[in-house]
Amino acid sequence: MSGTLLTNVWTDIAPINSRAAERLGYPTQKPEALLERIIAASSNDGDVVLDPFCGCGTATAAAQRVGRRWIGIDVTYLAIALIRRRLRDAYGEGIDESYEVIGEPASVEDARVLAAADPYQFQWLALDQVHARGVERKKGADKGVDGRIYFHEGDSGDVKQIIISVKAGHTGRAHVHELRGVVDREEAVIGVLISMQETTRPMREEAATAGFYTSPWGKHPRLQLLTVEDMLGGKGIDCQPLRHVSQTFRKAPKTAKAEEPHPELPLGD
């Protein structure tokens, strides 16, 4: 065909700017159009795309969109949580059945090892379990807030929030009392303490003194205590059905194609 051949300098794909619809807030995020072009030009339908440093999952999302199988690898639970959320936003909850996550703690002992080795990664793992938005990307003071969940209350449209505090080490009554102060300060309706250790009777007594938050669906304890064992057993936050849950980063747009999820290979950490 006549015309100028495509060179290795591509200026027709705009970078991710502050107003880009697909921007998730990840510092090294690349445009999906760029990864789609690279993948489409260098592989065939059904081939496997490997991204060993997948970050926020642009390559995996692009591979999914153009009909490739994929393997994504990253060392942080933040990245794994973000990729999982990105796929759910684009394809719906059913996408979870089409891929496997390898390396996540599957038992209390696995979680205990992670908590001892890297409390910060344990924090991101715990937040992902309850679909909470992390408020800190760097280690440091968090003012008692590790994560937040925003939701609409009933049909009124009022936005409420749930505060999450994650403790990888020893926990006691003082941590519950501290969380109550944070919930009051942030004007949250519920505070949740997620811990590696089992809760004690003094902790439960302190939580009980906070009373209840009443939603259109009933009463919910204002202070709730969850352990890793609870979450692995399927227990979650006692609250009304969440109509809108904020993400770890901004929400990814839905895919433009209404395709069935393509069979995937593992997403590992």
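This is a short walk through the helices and strands of one predicted chain, and how they meet.

Since the model is predicted, I will keep to what can be read from its coordinates. The chain has 269 residues, of which 47% count as buried, and its secondary structure comprises eight helices and 11 strands. If we take the contacts between residues at least 6 apart in sequence, 64% of them join residues at least 24 apart.

Let me begin with the sheet that will occupy us for some minutes. It is an open sheet of five strands, in the order β4-β5-β6-β7-β10, and the pairing within it is mixed. At its edges are β4, residues 133–134, and β10, residues 223–227, each of which pairs on one side only. As a reminder, strands of a sheet pair through backbone hydrogen bonds, either parallel or antiparallel. For β4 and its partner β5, residues 147–153, the sense is antiparallel, with two bridges, and within this pair Arg133 is found opposite Arg148 of β5.

Now, what lies across this sheet? Helix α5, residues 119–129, lies across β4, β5, β6 and β7, and it runs at about 140° to β6. Is α5 enclosed or open to its surroundings? Nine of its 11 residues are buried, so α5 is largely enclosed by the rest of the structure; among the buried ones are Tyr120, Phe122, Trp124 and Leu127, but also Gln121, Gln123 and Asp128. Just after the helix, His131 adopts a positive phi of about 60°.

Helix α5 has a helical neighbour as well, namely α3, residues 77–91, and the two axes come within 8 Å of each other while crossing at roughly 20°. With an angle under 35 degrees counting as roughly parallel, α3 is therefore roughly parallel to α5, and the crossing is left-handed. The residues that meet are Tyr77, Leu78, Ala81 and Arg84 from α3, and Gln121, Trp124, Leu125 and Asp128 from α5; by class, this contact has five nonpolar residues, one polar and two charged. On the α5 side, Gln121, Trp124, Leu125 and Asp128, which I have just named as contact residues, are also listed as buried. The spacing of such positions recalls a general point, which is that an α-helix has 3.6 residues a turn, so residues three or four places apart point the same way.

A second helix pair is found earlier in the chain. The axes of α1, residues 32–42, and α2, residues 58–65, come within 9 Å and cross at roughly 60°, and α1 and α2 are therefore oblique to each other. Here the crossing is right-handed. From α1, the residues Glu32, Leu35, Glu36 and Ile39 meet Thr58, Ala59, Ala61, Ala62, Ala63 and Arg65 in α2, and this contact divides into six nonpolar residues, one polar and three charged.

Finally, I turn to a hairpin, which is formed by β8 and β9 with two residues between them. Strand β8, residues 212–215, pairs with β9, residues 218–221, in the antiparallel sense over four bridges, and Ser215 has Gly218 as its bridge partner in β9. Which side chains of β8 point to the buried face? They are those of Tyr213 and Ser215, which point to one face and are buried, whereas Phe212 and Thr214 point to the other face and are not buried. That fits the general rule that in a regular strand the side chains alternate between the two faces of the sheet.

Note on methods. Residues numbered from 1 in each chain as written. Predicted model: local features only at pLDDT ≥ 70, side-chain atom pairs only at ≥ 80, totals over all residues. Heavy atoms only, no water. Axes fitted to C-alpha atoms, helices over the stretch in contact; angles between N-to-C directions. Parallel < 35°, antiparallel > 145°, perpendicular 65-115°, else oblique. Left-handed = near helix turned anticlockwise from the far one by under 90°. Contact = heavy atoms within 4.5 Å. Nonpolar A, V, L, I, M, F, W, Y, C, P; charged D, E, K, R; others polar. Pairing = 2+ DSSP bridges. Buried < 20%, exposed > 50% of the residue type's maximum accessible area, 1.4 Å probe, protein only.
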